[in-house]
Amino acid sequence: MQYNHLEIEKKWQKFWAENQTFKASNQSDKPKYYVLDMFPYPSGAGLHVGHPLGYIASDIYARYKRHKGFNVLHPQGYDSFGLPAEQYAIQTGQHPAKTTEVNIATYRKQLDKIGFSFDWSKEVRTSSPEYYKWTQWIFIQLFNSWYNINTDKAEDISTLISIFENEGNTTVKAVCDEEIIAFSAEEWKAFSSTQKEEILLQYRLTFLSDTEVNWCPALGTVLANDEIVNGVSERGGHPVVRKKMTQWSMRISAYAQRLLDGLQKIDWPQPLKDSQTNWIGRSQGAMVSFNVDGHDAKIDVFTTRPDTIFGVSFMTLAPEHELVSQIVTDDQRKIVEEYQQATAKRSERDRMADVKTISGAFTGAYAIHPFSGEKIQIWIGDYVLASYGTGAVMAVPCGDQRDYDFAKHFGIEIPNIFEGVDISEAAHADKEGTVIANSDFLTGLKYKKALKLSIYEMEKRGFGYGKINYRLRDAVFSRQRYWGEPFPVYYKEGMPQMIDAEYLPIVLPEVEKYLPTEDGKPPLGNAEVWAWDTVNNKVVSNDLIDNKTVFPLELNTMPGWAGSSWYFNRYMDAKNSEEFASKEALNYWKEIDLYIGGSEHATGHLLYARFWQKFLFDKNIVPVDEFAKKLINQGMILGTSAFVYKATFFVKNGCAIDKSNDDVIENIPTIFVSKNLFNSDDEFETVVKNYLLDKKLLNPNFADLVMITKSEIHADVSLVNASDELDIEGFKNHALNADYKNAEFILEEGVYKVGREVEKMSKSKYNVVNPDAICEEYGADSLRLFEMFLGPLEQAKPWKTSGISGVSSFLKKLWKLYFNGDKFEVSDAEPTKDELKALHKTIKKVEADIENFSFNTSVSTFMIAVNELTSLKCNKRAILEPLAILVSPYAPHIAEELWSLLGNTASISTASFPIFEPKHLVESAKNYPISFNGKMRFTLELPLDLSKEEIEKTVMAHEKTIAQLDGRTPKKVIIVPGKIVNIVG
RNA sequence: GCUCAAGUGGCGGAAUUGGUAGACGCGCUGGAUUCAAAAUCCAGUUCUUUCGGGAGUGUGGGUUCGAUUCCCACCUUGAGUACCA
């Protein structure tokens, strides 16, 4: 019987589906193991070979863990809300739910072909109402919570209300908005309910506020910081501007420290942890208050170097700082306002692109140095960002390069407060070993002591205190989009009200157009049935809005990260309609043991999900506060683009000829030159010219008038074989190459060779490889093996389809081991020593490899094992049965088929992993490398039980040693028994 | 600029605590089979060589009997980040 991958793979995929082989039970005596992939957004383009890389790795691990006796949860689903479906809807009018459905079907078909051991009974889709019901529910939980700094956790809002009722808000330590008015218990009780609502909103973990947001006019929506790359939108690259809008936000800043601390206990890649640490941006320092001379106003600044406070020679405010207009003097007002206008016009992008130009303006006002009482100038400058810290800095030019440059530029004094440091050229930013000078009570102190003492003194004198600042901003949670989760929120007297959880989900309404309304409201503003009836508790027509019992609903929707911030919990109990997930399921599965996905989610999904998990943990909804124990970032698979080299013709200008330029080159066809025929542009020109003259396509009289240049054109990679030869007919007839139908090709040795280059896999580069085609031609088992064989999981690596023949022929050889000609035939005879050695070597290596996620090397190991067993002509059941199990995580279809041919009726996934027995690898002799001065010159087979002295005697007497030494006496002979012999001298 | 990761044949890559560099595969070369091709099988394939050998893991240095592996400096590439006070 021939190995027929098409038949076998179809058969077993059907078997797995029908028997629900991979359905995980929420109760088991076995230890649990939860393996998860970051779920995909189902795009219209479908999967290319880069997408399944992580899925294959996690599938191998999941299958391996089953063999090792674990109860494995390995689900899959779809992150199915999102921009592309909506934009497609805007263009075509098709409902995003429909296109999403179609895309999911395509994804599912593609995934099924690869033979994953997913438990599809637990599939989730973020866009299905059964799922987003619980996303809305979590939102309500956040709304009904505040962050208590004393207990360092989120608590129900009722505990806050009872504090207000008993003590007012002056004793409360909460993470909340800045500048909340103080009130007593009596005052609280006297507030109207709207006033109370307004105050509570300042404490809730999700809250409405007027915030400066990143508004993207082209997309018509607000973007989060992590959705902006280099000042333009991550999707589409559209410009982004700052705009004030009323938005829902998430108080993630409450969790800044815990998000930082939690990184210590999870096994995630260091670069990913680094970027989260960076994003959170903790800095320790002090808040210092400066009085403004002649005003009531104070300027608060945050500094990490309070020890340098005596080096302050001026202050700089962000041009947008609210105090500027108050304190500016009349004679400076014009200059300051001009400067403010000039910076307002500059986009964030311009400001970022140009960091070298120093600009600013003097306000005319002075601040009072809190220690010395000296007057210091107050400037504004755009190097100070309104969005960080307090939007103001105390400038210490001798210790900060930006302050230094600013001072130099405007001729401001630069006092030196460092002992023995030259600051004539640049600021001195080093902390270690620095001794403070000219600083009153800090003089003579080292950095660390000065830091402590300065804060102590500030606190004592009451104008400053030690503080930890975070870069992490509260996350904007509203999106002006259609295709997202609706908020379970309606508005009564302008204040948001939560819909009772029992009436969830609030289902996305139908709209006619997916664009914003004409008056600039989000797309849900187009909905006609989008009002909340508080009597009947249902969504009703907008016509019924009376603001008494029927109220307007929220028009924004939630961002893409809402649904993905908790889906891993839902998989544990995906179909539960009563709860988010049952306690039993949550307590059984707890957290993800292995999470695999791309590194691009470092500061988005992975930070928000950790935030929600900690919140849900605080509220006793989930049992652990980190959702993924171990995480691996799979590397990107790049494409290997193919290039053809086209000649382009010009006639030199200014030549006095009778004919028009077009006539000279009119008969010249499109010409492509094979890659190795030229090394330079000049050679390229010569090759083409000779060809034209040879073929009489160019009048020799005009030859000198014609200029030829080379252009590189992407050729579809499917038209190129393993030897980089182009299928010329295929190229000419390719749908996209209609222009080249009559092109001519200058060949080398009868073939056209393309150039190759590694680039990102993309449609426009014609280097996309579709996994379906690979499954069809070589089979899913080959695809799985090859993806792993490409290289280490975490590294980026280029894809070259030609390489797949290696793993494909490996599978054929594996198959042949179990067959005698066309007949399946295994022997029950005792295996030989060598056969056992080959098997156990493989068990040992493959087990270690999988545990280390080194999947590429186990593929090599399989190849070596099969090569060895083939040359041993092994067909023993005692070897081939365990071998099938070893291979099955990687190539499950062929393994199942061989397993059933061996007479087993249950799926191979129920078999135990073979146990490694070291006794089969014990050797009696070693082929010693004999080195001279560390260089291996020859090898010598010696028994392993030889003593050092005996080894030395034998080696020194050997003729090759004598020849190598050439009469010299060695200084030293190093012998490591079982390893090496090294002769020095 | 800063942070991190990585530099090994024509290519993807291997080398467990410092101990035979280049496993395994692609490609290439030669051969067998074939009318021919595909497929399959066998042999070879780091460079260099006067065929004894010699050199060799980005570059230069160091530690060591011995370095792809450890240390220092530099170069290159990739990724992330960017006025963070």
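The following exchange discusses a predicted model of chain A with RNA strand B.

Trainee: What is the mean pLDDT of chain A?

Mentor: The model is predicted, and where pLDDT is low, the coordinates should not be read in detail. In chain A, 97% of the residues reach 70 or more. The mean pLDDT of chain A is 90.

Trainee: How many Å separate the centres of domain 3 and domain 4?

Mentor: The domain assignment places domain 3 at residues 639–759 of chain A and domain 4 at residues 923–984. Their centres are taken over C-alpha atoms. The separation is 61 Å.

Trainee: Which helix gives the most residues to the surface near RNA strand B?

Mentor: A residue counts as near if its C-beta atom lies within 6 Å of the strand. By that criterion 59 residues surround RNA strand B, and the closest include Ser723 and Gly934. By class, 22 of the surface residues are nonpolar, 25 polar and 12 charged. The helix that gives the most, with 6 residues, spans 855–871 and is helix H27.

Trainee: Which strands are the edge strands of the open sheet S4-S3-S5?

Mentor: The sheet has 3 strands, and their pairing is antiparallel. An edge strand here pairs on one side only. That description fits residues 153–156 and residues 174–175, which are strand S4 and strand S5.

Trainee: Which residue in S4 stands opposite Tyr147?

Mentor: Strands of a sheet pair through backbone hydrogen bonds. Strand S3, residues 145–148, pairs with S4 in the antiparallel sense over 4 bridges. Opposite Tyr147 stands Ala154.

Definitions and conventions. Residues numbered from 1 in each chain as written. Chains lettered and ligands numbered in written order. Predicted model: local features only at pLDDT ≥ 70, side-chain atom pairs only at ≥ 80, totals over all residues. Domains from an automatic or database assignment. Helix = DSSP H or I, 4+ residues; strand = E, 2+ residues; numbered from the N terminus. Nonpolar A, V, L, I, M, F, W, Y, C, P; charged D, E, K, R; others polar. Pairing = 2+ DSSP bridges. pLDDT = per-residue confidence, 0-100.
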